[in-house]
Amino acid sequence: MTEPLDILVVDDEEPLRRLLVRAGQKDARFKVDTASDYHEALEKLSSNGYQLVITDKDMPGPSGIELIRKIRETHAIPIFLCSGRLTDEAAEEAEKA
């Protein structure tokens, strides 16, 4: 059996974070950890070997796009950006990040 994929989910909405952790617990292929904002995400990334980051675009404080830029300074891991309000402009900005 292979090791589970370590995923960090970054979202300010606690119910969504709980839902994704529960979904991950149902499948041994995934190990899901969460962070509620930019700062907590960076703290966790500095001490854990995540293989994937899933982040919300719109959060209080620095945005998910700003988080992507900061992660790219030190990590070469896949990042998925999620949003209920993703505009074409924001999508282009995320791709550049």
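**Entry 1: the sheet**

I take two strands as paired if DSSP finds at least two bridges between them, and I apply this to a model that is predicted. With that in hand, I looked up the sheet and found that four strands form an open sheet in the order β2-β1-β3-β4, with parallel pairing. The edge strands are β2 and β4 (residues 79-82), each of which pairs on one side only. From one strand to the next, I noted a twist that averages 20°.

**Entry 2: the chain as a whole**

I then read the elements along the chain, which has four helices and four strands, and from the N terminus on they run β-α-β-α-β-α-β-α. The chain has 97 residues, of which 31% count as buried. I also looked up how far apart in sequence the contacting residues lie: among contacts with a separation of 6 or more, 71% come from residues 24 or more positions apart.

**Entry 3: strand pairs, one by one**

Which residues stand opposite each other in the pairs? I began with β1 (residues 5-10) and β2 (residues 30-35), which pair in the parallel sense over six bridges, and there I7 stands opposite V32 in β2. On β3 (residues 52-56), which runs parallel to β1 and is joined to β1 by four bridges, the bridge partner of I7 is L52. I7 therefore has a partner in β2, namely V32, and a partner in β3, namely L52. For L8, I found V53 as the bridge partner in β3.

I went on to β3 and β4, which run parallel and are joined by four bridges; in this pair I54 stands opposite F80 in β4.

**Entry 4: helices against the sheet**

Helix α2 (residues 38-47) packs on the sheet, where α2 touches β1, β2 and β3, and the direction of α2 makes about 135° with that of β2. For α3 (64-74), I noted that the helix lies across β1, β3 and β4 and runs at about 170° to β4.

I also checked the handedness of the connections. β1, helix α1 (residues 14-25) and β2 make a right-handed β-α-β unit, and β3, α3 and β4 make a right-handed β-α-β unit as well.

How enclosed is β3? Four of the five residues of β3 are buried, so the strand is largely enclosed by the rest of the structure.

**Entry 5: α2 against α3**

Two packed helices are described by the angle between their axes and the distance between the axes. I looked up both for this pair: the axes of α2 and α3 come within 10 Å and cross at roughly 25°. Angles under 35 degrees count as roughly parallel, and α2 and α3 are therefore roughly parallel to each other. The crossing in which α2 passes α3 is right-handed.

Which residues meet between the two helices? On the α2 side I listed Y38, A41, L42 and L45, and these meet E66, L67, K70 and I71 in α3.

**Entry 6: S63**

Is S63 buried or exposed? I located S63 in the loop between β3 and α3, and its relative accessible area is 18%. Buried means under 20% relative accessible area, so S63 counts as buried. Leaving aside its neighbours within four places in sequence, S63 is in contact with Y38 and K57. Y38 is also one of the α2 residues that I had listed in the meeting of α2 with α3.

**Entry 7: T2**

My last look-up was T2, which lies in the segment before β1. T2 has a relative accessibility of 67%, which means that this residue counts as exposed. I also noted its distance to A28: the two residues are 26 residues apart in sequence, and C-alpha to C-alpha they are 9.4 Å apart in space.

Conventions
Residues numbered from 1 in each chain as written. Predicted model: local features only at pLDDT ≥ 70, side-chain atom pairs only at ≥ 80, totals over all residues. Heavy atoms only, no water. Right-handed = clockwise from strand over helix to strand, strands pointing away. Buried < 20%, exposed > 50% of the residue type's maximum accessible area, 1.4 Å probe, protein only. Contact = heavy atoms within 4.5 Å. Axes fitted to C-alpha atoms, helices over the stretch in contact; angles between N-to-C directions. Parallel < 35°, antiparallel > 145°, perpendicular 65-115°, else oblique. Left-handed = near helix turned anticlockwise from the far one by under 90°.
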